[in-house]
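These are my notes from an afternoon spent with one model, written down in the order in which I looked things up. I kept to residues, helices and contacts that I could check one by one.

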Amino acid sequence: MERVIERWLFASRWLLMPLYVGLTLLFIALGLKFFQEALHLAPMLWSMKETDVVLAALALIDMVLVANLLIMVILSGYENHVSSLDLDEGQERLSWLGKLDAGSLKVKLSASIVAISSIHLLKAFMGSQNIANDKLMWMVIIHLTFVVSAVLMAAIDKMFAHD
């Protein structure tokens, strides 16, 4: 009986598969949104102020960082929790694939969140004349919370990696 339950529990990891498919669809949607935004900006480029171009670039960079985050979660999550990827001998393989455990993935994700938060904070400061000071203060506090959390996660991961 115990063996049957253990096999069933182990097989239940495949229930994650629809979630990874959903994240892949979200990745595709984000790519479409990226190109929609780029095409939207193209005709206005010559009439835009430099600050507006920088803000548009930051928005696109933000989407790319989120897309990178999605790929990291999809591929490493699938590889760590569902099944290893069966890639042919000569097929291209990402250097980090198969090397990210849950702890290092959390560190990479938190670093990505800090980068995304930094972009949002920079965008807020560039348009700070339209944002109340208390809202800017809270944005900085939240960003610093992300930074401290990322540093603590990295320190904890490093501490346990040496055991």
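Entry 1, a loop residue. I began with E92, which I found in the loop between α3 and α4. I should record at once that the model is predicted, and I read every value below with that in mind. Is E92 buried or exposed? I noted a relative accessible area of 70% for E92, and because the cut-off for exposed is over 50%, E92 counts as exposed. I then looked up how far E92 lies from F27, and the C-alpha atoms of these two residues, 65 residues apart along the chain, are separated by 20 Å.

Entry 2, the largest core. Next I asked which residues make up the largest nonpolar core. I listed eight residues for this core, namely L30, L41, A56, L60, M63, A67, L70 and I74. The elements that give two or more residues to this core are α2, residues 17–41, and α3, residues 50–81. I also noted that α3 provides the largest share of the core, with six residues. To see how one core member sits among its surroundings I followed L60, and, leaving aside neighbours within four places in sequence, I found L60 in contact with F34, E37, A38 and L41. A second core of six residues is separate from this one, and I wrote down L69, M72, L105 and L109 as being among its members. As a general remark for the margin, nonpolar side chains in soluble globular proteins tend to be buried together.

Entry 3, aromatic rings. I counted three aromatic pairs in the structure. In one of them W14 and Y78 meet edge-to-face, with 6.3 Å from centre to centre and 75 degrees between the planes. This pair links distant parts of the chain, since W14 belongs to the loop between α1 (2–11) and α2 while Y78 belongs to helix α3, 64 residues apart. The two partners differ in cover: W14 is partly exposed at 38% relative accessibility, whereas Y78 is buried at 16%. I next checked F34 and F35, whose ring centres are 5.2 Å apart and whose planes stand at 85 degrees, so I entered this pair as edge-to-face too. F34 is partly exposed, with a relative accessible area of 21%, while F35 is exposed, with 55%. Finally I noted that ring pairs link W14, Y20 and Y78 into a cluster.

Entry 4, a nonpolar patch on the surface. I looked up which residues make a nonpolar surface patch of about 550 Å², and wrote down I113, M137, W138, I141, I142 and F146. Helix α5, residues 133–161, gives the largest share of the patch, five residues. I took I141 as my example from this helix, and recorded that I141 is partly exposed, with a relative accessible area of 36%.

Entry 5, contacts between α4 and α5. I then turned to S117, which lies in helix α4, residues 102–126. S117 counts as buried at 12% relative accessibility, because the cut-off for buried is under 20%. Not counting residues up to four places away in sequence, S117 touches H143 and F146, and the second of these is also a member of the nonpolar patch. I followed H143 in turn and found H143 in helix α5, buried, with a relative accessible area of 10%. With the same exclusion of residues up to four places away, H143 touches V114, S117, S118 and L121.

Entry 6, two further residues. S104 is also in helix α4, and at 16% relative accessibility I entered S104 as buried. Which residues does S104 touch, not counting those up to four places away in sequence? I found K99 and D157. The C-alpha atoms of S104 and A161, 57 residues apart along the chain, are separated by 9.4 Å. Last, I looked up V147 in helix α5, which counts as partly exposed at 29% relative accessibility. V147 and D101 are 46 residues apart in sequence, and from C-alpha to C-alpha they are 21 Å apart in space.

Terms used: Residues are numbered from 1 along each chain as its sequence is written. This is a predicted model: local features need pLDDT of at least 70, side-chain atom pairs count only at pLDDT 80 or more; totals for chains, interfaces and linings use all residues. Side-chain values use heavy atoms; hydrogens and water are left out. A nonpolar core is a set of buried Ala, Val, Leu, Ile, Met, Phe, Trp, Tyr and Cys residues joined through side-chain atoms within 4.5 Å. Buried means under 20% relative accessible area, exposed over 50%, partly exposed in between (1.4 Å probe, protein chains only). Helices (H or I, at least four residues) and strands (E, at least two) are DSSP runs, numbered from the N terminus. Contact means heavy atoms within 4.5 Å. Patches are made of residues with over 30% relative accessible area and no salt bridge: like charges are joined within 9 Å, nonpolar side chains (Val, Leu, Ile, Met, Phe, Trp, Tyr) within 5 Å. Accessible areas come from the Shrake-Rupley method with a 1.4 Å probe; for residues, only the protein chains shown count as cover. A salt bridge is a side-chain nitrogen of Lys or Arg within 4 Å of a carboxyl oxygen of Asp or Glu. Rings of Phe, Tyr and Trp (its six-membered ring) pair if their centres lie within 6.5 Å; planes under 30 degrees apart count as stacked, over 60 as edge-to-face and the rest as tilted.
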